[in-house]
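Colleague: Hey, can you walk me through this structure? I'm new to this, so plain words please.

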Amino acid sequence: MLNYKNSDPYIEGVSLYELVKVCETPFYVYSQEKIINQVNKTKEILGNNIFYSVKSNSNQAILKLMQSLGIGADVVSSGELKRALKAGFDPKKIIFEGVGKSEQDLLYAIHKNIRLINTEALEEIKLINNLAKEKNKTVDIGVRLNPDIDGETLSKISTGKKTDKFGIDIDNVDKIIELVKACKSLNLVGISCHIGSQISKIEVYKNMFNQMKKIADKFFESGIMIKHIDLGGGFHVKYKDSDPDFNIEMVKQELDNCFAKTKYELSFEPGRYLIAESGIIITSIITIKNNGGIDYLIVDAGMNTLIRPAMYGAHHEILAINSNSEQFIDYTIAGPICESSDMFSKNIRLAKQKIGNLLVIKNSGAYGKVMSSNYNSRPLPSEILIYKDNYAIVYSPEKIEKTIETDNIPSWL
Ligand code: LLP
C-alpha cells in the first residue's frame with residue numbers, strides 16, 4: 001500500500017510523515033483507491049449481489065464508501081444495523097444475521113423493513129413469526145444452514161461443521177419446512193451459509209455450493225419458493241508468502257458449474273476480502289532491548305490495537321520505515337501490554353532500528369480497529385482515510401480521562 005517518492009513513504013498522494021504530524025501513533029490508515037478497486041473487481045467477477053460484512057470494519061466512512069459503490073450490507077447486531085442505516089444503505093440492501101439476536105434486535109430489524117433476517121435457530125423462527133404477527137407484518141426471512149462442511153481453515157474461524165454453534169443443522173431441513181409453513185407471518189425467501197473465514201481451497205467452495213443447491217432444491221420441491229442463496233463470506237487473503245494462493249475467478253468458475261442451470265439469485269457476504277489489504281497500522285518504536293539474546297522492539301501498538309496475532313496466532317507482515325542502516329537485525333516485535341501474548345512477530349529481519357522509528361503493520365484493514373479495546377486503559381487507535389492527495393481522520397478516540405469517567409463509583413464506597 002505504500003509507495004515512495006524521493007524515498008519518502010506515501011499512501012496514495014499523502015506523505016506518511018504528514019500523517020504522523022497530525023495523528024498520534026498507533027493509528028490505522030486506509031486507502032480509498034484500493035478499496036474501490038477491490039470492490040469493483042469483486043463485483044465484476046461475482047456480480048452485484050455483494051453484501052459487505054460490516055463486522056470486518058464498521059467505520060462510518062468505510063460504510064459510506066461501500067454503500068456508494070453500490071453493494072449491500074450484512075450486519076450482525078442492531079448496532080451494526082444502525083451504523084449501516086446511518087451510512088445510507090437502503091434497508092432493502094441490508095441482511096441481518098447473527099447467532100444470537102435479541103428480541104429488541106429483531107423488532108428493530110422488522111421496524112426498518114430490511115431485505116431479510118437470516119435466522120439461525122428454529123426457536124428464532126418462531127419468535128420472528130410472533131413479533132411479525134404482533135406488528136401486523138409479513139417478514140421476509142432466510143435460514144442460515146449449517147451444511148456440515150469443514151472450511152479447512154483455522155479452528156477459531158471455522159463455522160460450518162455440524163457441531164458448531166452457527167446456523168441450523170441441515171438434518172433439520174424437514175423441521176424448518178414444516179415450521180415455516182405454519183408461520184403465517186413469515187416468507188422464507190432464501191437460504192444462506194457461512195462456513196468460515198480464510199477459505200482458500202476451491203474443493204471446499206465446490207462442496208459447499210453443491211450442498212446448498214441440493215438444499216435449495218429440497219425447499220423448492222416442498223413448495224417453498226426459495227429466491228436467494230447466500231453463500232457467505234470467507235474469501236482468503238494472503239497475509240504471508242507461504243499462505244496458499246487464492247483466486248476468486250476459480251470460485252466464479254465453480255459457481256457457474258454448480259448453478260448455471262438454476263434461477264436462484266446468488267449472493268456473497270465478504271468482509272476481509274474487500275478491506276483487509278487496504279489498511280495498515282502505523283506504530284512507533286517505544287523502546288529497544290535485548291533479553292536473553294532476543295532483540296526486542298517494543299512498539300506502541302499492542303493487542304489492544306490489533307488482537308489478531310494474540311488471539312489466532314495470525315501473522316501480519318511488518319515493514320520498517322526510516323531505516324537507513326546497512327546493518328540488519330532479527331527482531332522480535334512486541335506491544336506494550338502486560339501479556340506475554342502481546343507479540344506481533346518473532347525474528348523478523350529489519351534494518352537496525354532506533355527509538356522513535358516508525359513501523360507499518362500490513363493487511364490490517366479487516367478485523368483490526370473493530371476488535372481493538374481499552375485494555376490496560378489505553379485509548380483506542382485513530383483511523384485515517386486517504387483518497388488521492390486528501391486525508392481525513394475518520395475516527396479519533398475519546399481521551400482516556402473521558403473513558404474513565406464512564407465508570408461509576410457506588411454510593412457505599
Ligand atoms: N458472514 C458471516 C455470517 C460471518 O460470520 C462472517 C465473519 C462473514 C460473513 C465475513 O467473513 P470474511 O469474508 O470476513 O471472512 N475476527 C476473525 C474473523 C471472524 C469472522 C467472523 N465472521 C479474524 O480476525 O480473522
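Modeller: Sure, here is a chat about helices, buried residues, salt bridges and a surface patch.

Colleague: Before we start, what kind of model is this?

Modeller: This is a predicted model, where local features need pLDDT of at least 70, side-chain atom pairs count only at pLDDT 80 or more, and totals for chains, interfaces and linings use all residues. Residues are numbered from 1 along each chain as its sequence is written, and side-chain values use heavy atoms, with hydrogens and water left out.

Colleague: Okay, helices. How do people describe two packed ones?

Modeller: By the angle between their axes and the distance between the axes. Helices here are DSSP runs of H or I with at least four residues, strands are runs of E with at least two, and both are numbered from the N terminus. Axes are lines fitted to C-alpha atoms, for helices over the stretch in contact, with angles from 0 to 180 degrees between N-to-C directions.

Colleague: So how do α4 and α5 cross?

Modeller: The axes of α4 (residues 78-86) and α5 (residues 103-111) cross at roughly 25° and come within 9 Å. That makes α4 roughly parallel to α5; angles under 35 degrees count as roughly parallel, over 145 as roughly antiparallel, 65 to 115 as roughly perpendicular and the rest as oblique.

Colleague: Which residues make that contact?

Modeller: From α4 you have Ser-78, Leu-81, Lys-82 and Leu-85, and from α5 Asp-105, Tyr-108 and Ala-109. Contact means heavy atoms within 4.5 Å.

Colleague: And what about α6 and α7?

Modeller: Their axes come within 11 Å, crossing at roughly 10°, so α6 and α7 are roughly parallel to each other. Leu-122, Ile-125 and Lys-126 in α6 meet Lys-175, Ile-176, Leu-179 and Val-180 in α7.

Colleague: Switching topic: is Glu-97 buried or exposed?

Modeller: Glu-97 counts as buried because its relative accessibility is 4%. Buried means under 20% relative accessible area, exposed over 50%, and partly exposed in between (1.4 Å probe, protein chains only). Glu-97 sits in the loop between β7 (94-96) and α5.

Colleague: What does Glu-97 touch?

Modeller: Leaving aside neighbours within four places in sequence, Glu-97 has contacts that include Asp-74, Asn-118, Arg-144 and Glu-269.

Colleague: How about Ser-278, buried or exposed?

Modeller: Buried, since Ser-278 has 2% relative accessibility. Ser-278 is in the loop between α10 (272-275) and β14 (279-291). Not counting residues up to four places away in sequence, Ser-278 touches Met-1 and Lys-34, among others.

Colleague: Now salt bridges. How many are there?

Modeller: The count comes to 15 salt bridges, each being a side-chain nitrogen of Lys or Arg within 4 Å of a carboxyl oxygen of Asp or Glu. One of them joins Lys-101 and Glu-124, with the closest N and O atoms 2.9 Å apart. Lys-101 is in the loop between β7 and α5 and Glu-124 is in helix α6, so the pair ties together parts that are 23 residues apart in sequence.

Colleague: Are those two buried or exposed?

Modeller: Lys-101 is buried, and Glu-124 is buried as well.

Colleague: Last thing: which residues make the nonpolar surface patch?

Modeller: Val-22, Tyr-391 and Ile-393 make a patch of about 230 Å². Patches are made of residues with over 30% relative accessible area and no salt bridge, joining like charges within 9 Å and nonpolar side chains (Val, Leu, Ile, Met, Phe, Trp, Tyr) within 5 Å. Areas come from the Shrake-Rupley method with a 1.4 Å probe, and for residues only the protein chains shown count as cover. Val-22 lies in helix α1 (residues 16-22) and counts as partly exposed at 39% relative accessibility.
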